Amino acid sequence: MPNHLAHEVSPYLLQHAENPVDWYPWGPEALAQARAENKPIFLSIGYSACHWCHVMERESFEDPDTAAILNKHFVCIKVDREQRPDLDSIYMQATAALTGSGGWPMSVFLTPELRPFYAGTYFPPVQRYDMPAFRDVLLSLARMWTDDPAQLTQAAADVTGRLQDVPAIGRAGNPSETTLETATAALVESYDWEFGGWGRAPKFPQPMAIEFLLRRAVSNSPSSHDALKAATHALRSMARGGMYDVIGGGFSRYSTDDHWRVPHFEKMLYDNAQLALTYLHAGLIDADPFYERIVIETLDFTLLQLAHPDGGFYSSLDADSEGEEGRYYVWSKDEILAILADQSMPEVFLAAYGVSQGGNWDGKNVLQRALDDASLAARFKIDKTTVAEQLTAGHRKLLAARERRTPPATDDKIITAWNALMLQAFSGASRYLSDPRKRSEYLAIAERDADFLLSALRPSGQLRRIWRNGAASREVFLEDFAALILGLLDLYQADFNNRWFQAARALADEMIERFSDPAGGFFDTPSDAEALLIRPKDLQDNATPSGNALATEALLRLSAFSDNGRYRDMAEVALRLVMENAPRYPTAFARWLAASDFAVAGGQQVSIVFREQAQALPLIEILDSAYRPNLVIAASAFPPADQAPTLLKDRSLQGNKATAYVCRNFVCHLPITTPAELTAELESKRPS
């Protein structure tokens with residue numbers, strides 16, 4: 001019989017609906033039962049694409065004997081961390097406090113008052129990996145709850161006290177050019193110049209850190225050269241394959257080794273959104289077609305594998321298929337030779353990816369470039385054009401063969417914040433790619449995504465976090481508001497439809513009302529959310545940007561469009577919360593550093609008015625021809641609508657021509673009507 005998860009929205013919870021464990025979703029029913037029966041709560045937090053979550057389910061949650069212990073002694077609650085990041089944040093802090101580390105699946109034991117007293121991550125069914133057997137843990141805690149509850153409640157009180165007694169965040173003043181240079185130096189000095197990226201395995205892609213370095217690369221600062229060198233080295237290292245899917249496009253979550261060769265094969269929407277945008281920006285600086293190719297392949301993968309037919313994008317693809325991690329993506333040498341049997345030079349493909357009989361992972365081959373086109377041309381005495389043709393044909397044939405395999409499962413819930421990150425990627429691609437057909441295609445996709453988010457995810461005008469099969473969740477979080485504001489502002493600068501700007505401004509005002517903290521910054525949960533153990537306020541970036549960092553960046557950008565001093569003031573107060581730690585730990589605060597870069601630069605503003613938008617295209621093309629991360633653009637037919645950005649107020653046409661005004665802090669220079677004049681003004685270093 002199904003347990004209490006059978007009617008949930010989350011695919012992760014639905015995966016557990018047939019477990020013999022009597023799972024409840026987080027909610028009043030489960031919490032009331034724990035209090036009424038005075039039972040401890042077993043809180044299991046994971047997500048659909050989590051490999052070890054599936055392993056623990058197969059080993060323990062599908063096991064009747066283990067389920068009987070859980071059902072007898074505990075109230076069991078299953079949580080999707082992607083649906084409830086507030087619970088994940090609180091109890092991840094508790095897990096780290098109790099064990100020194102964290103991860104998923106997260107296994108936390110709580111008193112009926114929701115106070116954690118014991119925690120871990122994955123527990124095996126028998127003692128192994130220097131970890132106790134899960135059933136032994138359960139029976140031991142059950143005995144202690146009966147025989148010595150005071151010890152557990154004291155442990156819970158100690159951990160809860162540590163969570164509630166959060167040390168004050170240092171207030172080191174406003175960000176400055178010195179702050180940014182210090183952070184850049186720290187990133188460059190800690191960079192792995194051998195393999196690319198930061199740290200040792202498991203290696204994560206760090207798109208926010210790379211994005212910050214790209215900002216510094218165009219800042220004309222002393223560190224510009226080193227910043228660009230590290231950023232482009234990281235992007236090229238990851239795109240060789242392994243973590244990047246050279247056959248079907250898109251990036252896996254992280255690499256299990258230092259070489260970016262063997263990924264953890266799950267593919268997340270948020271990784272691909274952030275990385276696509278970062279490669280796009282790098283291509284504006286480096287001008288190598290390689291970057292555009294990665295952008296297009298990544299976005300096309302998203303459209304093929306993660307797009308909902310009505311708009312919006314699904315959350316992730318699983319790491320496993322047919323019960324094996326990575327099975328969908330890896331190859332034997334014999335398989336490849338059979339697929340390429342009619343190709344004139346299959347040995348070129350084998351050499352390009354170092355394909356061997358023994359493979360490079362569990363007897364199979366994860367495809368990662370071993371030789372570049374020039375080396376292959378020299379080895380096989382052919383030209384580079386022939387090399388490219390051979391590899392392209394091989395990719396196409398392997399993709400067709402792979403599509404006949406059983407694909408990984410899709411987590412088909414649509415998350416507002418993650419979709420907003422992808423909205424930024426498609427909006428940016430619609431402005432910056434060289435192919436006009438792709439620009440047009442991606443703009444239509446971005447507009448459809450925004451429309452979906454503002455309708456399906458905003459029923460009755462109330463933004464929600466999750467949508468699936470026509471149903472929206474009750475919850476919403478700071479990151480959903482803040483990311484959507486930024487996505488809408490990026491889309492506005494791609495098509496100049498005033499609807500997107502008006503929606504962004506309305507969301508910002510609601511965000512301030514429901515999430516702002518009088519002490520500075522924002523809480524992660526709204527003021528009308530359920531009361532939890534603490535009201536979380538997470539300042540560090542993780543795999544996705546901190547909601548606080550996104551909110552700060554959103555207010556800075558809105559202030560540049562609207563000259564709203566309140567937006568700017570709130571952003572500057574928030575920035576001061578992290579200025580002590582951000583330059584010291586830049587990978588943990590990289591999105592904050594991007595916002596700081598905008599704040600320090602002051603932002604450059606351009607407004608354009610025109611009779612017909614076609615008149616303005618030569619001016620807009622100049623603005624979109626280079627990476628200008630601190631530029632905001634407002635454009636409108638003349639006269640601008642009343643609800644248009646303040647930046648357009650009182651702008652007039654010169655000689656009935658499309659006219660641009662270049663401003664800084666709403667102090668503007670003389671009107672401009674030609675691309676040459678606009679280029680000169682943008683490159684001018686004179687103060688406003």
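**Figure 1. The accessible surface and overall build of the chain.** The chain has an accessible surface of about 26,600 Å², and carbon and sulfur atoms account for 49% of that area. Everything shown here comes from a predicted model. Along its principal axes, the C-alpha trace spans about 85 × 70 × 45 Å. If you would like to count elements, the secondary structure comes to 25 helices and 19 strands. The radius of gyration is 26 Å, close to the 26 Å that the globule rule gives for 688 residues, so the chain is as compact as a globular protein of that length. Buried residues make up 59% of the 688 residues. Among contacts between residues at least 6 apart in sequence, 69% join residues at least 24 apart.

**Figure 2. The nonpolar cores.** In soluble globular proteins, nonpolar side chains tend to be buried together. Here the largest nonpolar core holds 205 residues, and the members that touch the most others are Tyr279, Leu367, Leu488, Met511 and Ile608. Helix α19 (residues 478-495) gives this core its largest share, 11 residues. A second, separate core has 26 residues, including Ile41, Ile77, Ile90 and Val159. For a look at one member of the largest core, try Leu488. Not counting residues up to four places away in sequence, Leu488 touches Leu423, Ala450, Leu454, Trp500, Ala503, Ala504 and Leu507.

**Figure 3. Helix α11, a mostly covered helix.** Helix α11 runs through residues 269-286. How many of its 18 residues are buried? The count is 16, so you will find α11 mostly covered. The length of α11 can be checked too: at 1.5 Å a residue, its 18 residues should span 26 Å, and the end C-alpha atoms are 26 Å apart, which agrees. Just after α11 comes Ala287, which takes a positive phi of about 60 degrees.

**Figure 4. A five-stranded open sheet.** Follow the strands across this open sheet and you meet them in the order β1-β3-β2-β4-β5, with mixed pairing. The edge strands are β1 (24-25) and β5 (116-120), each of which pairs on one side only. Strand β1 runs parallel to β3 (residues 75-80), and two bridges join the two strands. Which residue of β3 is the bridge partner of Pro25? That partner is Lys78.

**Figure 5. A three-stranded open sheet.** This open sheet has the strand order β8-β9-β12, and its pairing is antiparallel. At the edges stand β8 (267-268) and β12 (410-411); each has a single partner strand, so one side of each is left without a neighbour in the sheet. Two bridges join β8 to β9 (residues 316-317), and these strands run antiparallel. To find one of the bridged residues, look for Met268, whose bridge partner in β9 is Ser316.

**Figure 6. Val218, in a loop between two helices.** Val218 sits in the loop between α9 (207-217) and α10 (224-239). Its relative accessible area is 31%, so Val218 counts as partly exposed. Setting aside residues up to four places away in sequence, Val218 touches Ile285, Tyr627 and Pro629. One of these, Ile285, may ring a bell, as helix α11 covers residues 269-286. For a sense of scale, compare Val218 with Ala49: these residues are 169 apart along the chain, and their C-alpha atoms are separated by 37 Å.

**Figure 7. Asn498, a buried residue of helix α20.** Asn498 belongs to helix α20 (residues 498-515). Is Asn498 buried or exposed? Its relative accessibility is 16%, so Asn498 counts as buried; the cut-off for buried is under 20%. Leaving aside neighbours within four places in sequence, the contacts of Asn498 are Tyr492, Gln643, Ala644 and Pro645.

**Figure 8. Ser559, a buried residue of helix α21.** Ser559 lies in helix α21 (residues 547-562). With 9% relative accessibility, Ser559 counts as buried. Which residues does Ser559 contact, leaving aside its neighbours within four places in sequence? They are Asn564, Tyr567, Arg568 and Phe666. Ala571 makes a handy landmark in this view: Ser559 and Ala571 are 12 residues apart in sequence, and 9.4 Å apart in space, C-alpha to C-alpha.

Notes
Residues are numbered from 1 along each chain as its sequence is written. This is a predicted model: local features need pLDDT of at least 70, side-chain atom pairs count only at pLDDT 80 or more; totals for chains, interfaces and linings use all residues. Side-chain values use heavy atoms; hydrogens and water are left out. Helices (H or I, at least four residues) and strands (E, at least two) are DSSP runs, numbered from the N terminus. The expected span of a helix is 1.5 Å times one less than its number of residues. Buried means under 20% relative accessible area, exposed over 50%, partly exposed in between (1.4 Å probe, protein chains only). Two strands pair if DSSP finds at least two bridges between them. The radius of gyration is taken over C-alpha atoms; the globule rule is 2.2 Å times the number of residues to the power 0.38. Contact means heavy atoms within 4.5 Å. Accessible areas come from the Shrake-Rupley method with a 1.4 Å probe; for residues, only the protein chains shown count as cover. A nonpolar core is a set of buried Ala, Val, Leu, Ile, Met, Phe, Trp, Tyr and Cys residues joined through side-chain atoms within 4.5 Å.
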